[in-house]
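Hi,

Here is the structure I promised to pass on to you. Have it open while you read, and my notes on what turned up in it follow below.

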Amino acid sequence: MTTNHEPYGRYVPAGSAASGPYALDIDPRRAGWSHSSLRVLELPPGGTHELAAGDSEWIVLPLTGGCTVGTEGKLFELRGRESVFSGVTDFAYVPRDAHAQIASGAGGRFALAGAKCERRLPARYGPAPEVPVELRGAGGCSRQVNNFGAAGVFACDRLIAVEVLTPGGNWSSYPPHKHDEHRPGVESELEEIYYFEIDGDGLGYHRVSPSRPGGTDVLAEVRTGDTVLIPDGWHGPSIASPGRDMYYLNVMAGPGESREWLISDHPDHGWIRDTWPGLAVDPRLPLYEAASAGSEPERPAAQPGGAANPAAVSRAAVEPGAAVVTPGAAGAAAPAAEEDSR
């Protein structure tokens, strides 16, 4: 276990960025940038953890197990899930300058996705049935995206976060894309963290190639717990080895005035999109269905009110490469469908 506060390399192997109760502890100083953070908290049965939000907003996202999150006089009970490959999870938002207590009776692992921010938004609960589940791409580029913290879906000041599940043998984050320049209406400037888990202790591969002289250049074999930091560069593909499904959590934030996710495709590879209309979405998707309203646990009165209509996925309704979204947990309207490379 390391407690080194010096910047890490762009490929962060599992365990190399551990600190205290965190199996992974990436903050802006350690990443060498200004906004994005990710911690993976491991709690034993009956364990508790005190989170001081500081100058960042946070989403507490169960990876395995469930927990309670107490903050701002509210107590959010997160049912969680057995694993990232078993279903959509609920989550909790902790505002900047707040303190939160995270407790788990049975124990578990919990991602704390954070972003340095200016505005202080209210603490909120994100019900699993309101997480938009989306199928993207087609054929061997098919993947599933759980848009729990996407821009336009769940209200945050800076933070953008989604989960991506790639069936074994498929490519995701393809075509390679970047978001390292501020070009209004075209491209956002966003720092990004990829945190990986591979089903069955398998492996995958992730590529980042330079978009500028001296830029980020990574080709990593990734396993469960590995992380890749992307301050710049064309990122993708993320390749799942045959027979081993791949999960990654994307955490993004940047200095732009607007919270938006705008990307540019690599000019040598963007043509792949033109092949998708003639291909079917991988029949293995979705790896699991969106949560149903009936599966949501009862919540204390201090939490937000009743669930909205459950998110749903239908392969027949999916345009290859296009988003399928439902209203987000914050009540904000979902963005119009758009193609992307996540």
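Which residues form one aromatic cluster together with F91? They are Y93, F148 and F154. Before I go further, please keep in mind that this is a predicted model.

Across the model, the aromatic pairs come to nine. One of them joins F91 and F148, an edge-to-face pair with 5.5 Å from centre to centre and 65° between the planes. F91 belongs to strand β7 (residues 91-94) and F148 to strand β12 (residues 143-149), so this pair ties together parts that are 57 residues apart in sequence. Are these two rings buried or exposed? F91 has a relative accessibility of 0%, so F91 counts as buried. F148 comes out at 4% and counts as buried too, because the cut-off for buried is under 20%.

The second pair I would point you to is that of Y194 and Y248. Their ring centres are 4.8 Å apart and the planes meet at 35°, so the pair is tilted; the tilted class takes what is neither under 30 degrees nor over 60. Y194 lies in strand β18 (residues 191-198), while Y248 lies in strand β23 (residues 246-253), so here the pair ties together parts that are 54 residues apart in sequence. Y194 is buried, with a relative accessible area of 0%, and Y248 is also buried at 0% relative accessibility.

Y248 leads on to V164, which is found in strand β13 (residues 160-166). In sequence V164 and Y248 are 84 residues apart, yet in space their C-alpha atoms are 5.4 Å apart. V164 has a relative accessibility of 0%, so V164 counts as buried. What does V164 touch, leaving aside its neighbours within four places in sequence? The list runs to R143, Q144, V145, S172, M246, Y247, Y248, N250 and R342. Among them, R143, Q144 and V145 fall within the range of strand β12 (residues 143-149), the strand that also holds F148.

Finally, two charges sit over rings. The charged end of R124 is placed over the ring of Y93, 4.5 Å from the ring centre, and Y93 is one of the members of the aromatic cluster you met at the start. The charged end of K178 sits over the ring of W234, at 5.7 Å from its centre.

Happy browsing, and do write back if you would like to go through any of this together.

Best wishes

How values were computed:
Residues numbered from 1 in each chain as written. Predicted model: local features only at pLDDT ≥ 70, side-chain atom pairs only at ≥ 80, totals over all residues. Heavy atoms only, no water. Helix = DSSP H or I, 4+ residues; strand = E, 2+ residues; numbered from the N terminus. Buried < 20%, exposed > 50% of the residue type's maximum accessible area, 1.4 Å probe, protein only. Contact = heavy atoms within 4.5 Å. Phe/Tyr/Trp six-rings, centres within 6.5 Å; stacked < 30°, edge-to-face > 60°. Lys NZ or Arg CZ within 6 Å of the ring centre and 35° of its normal.
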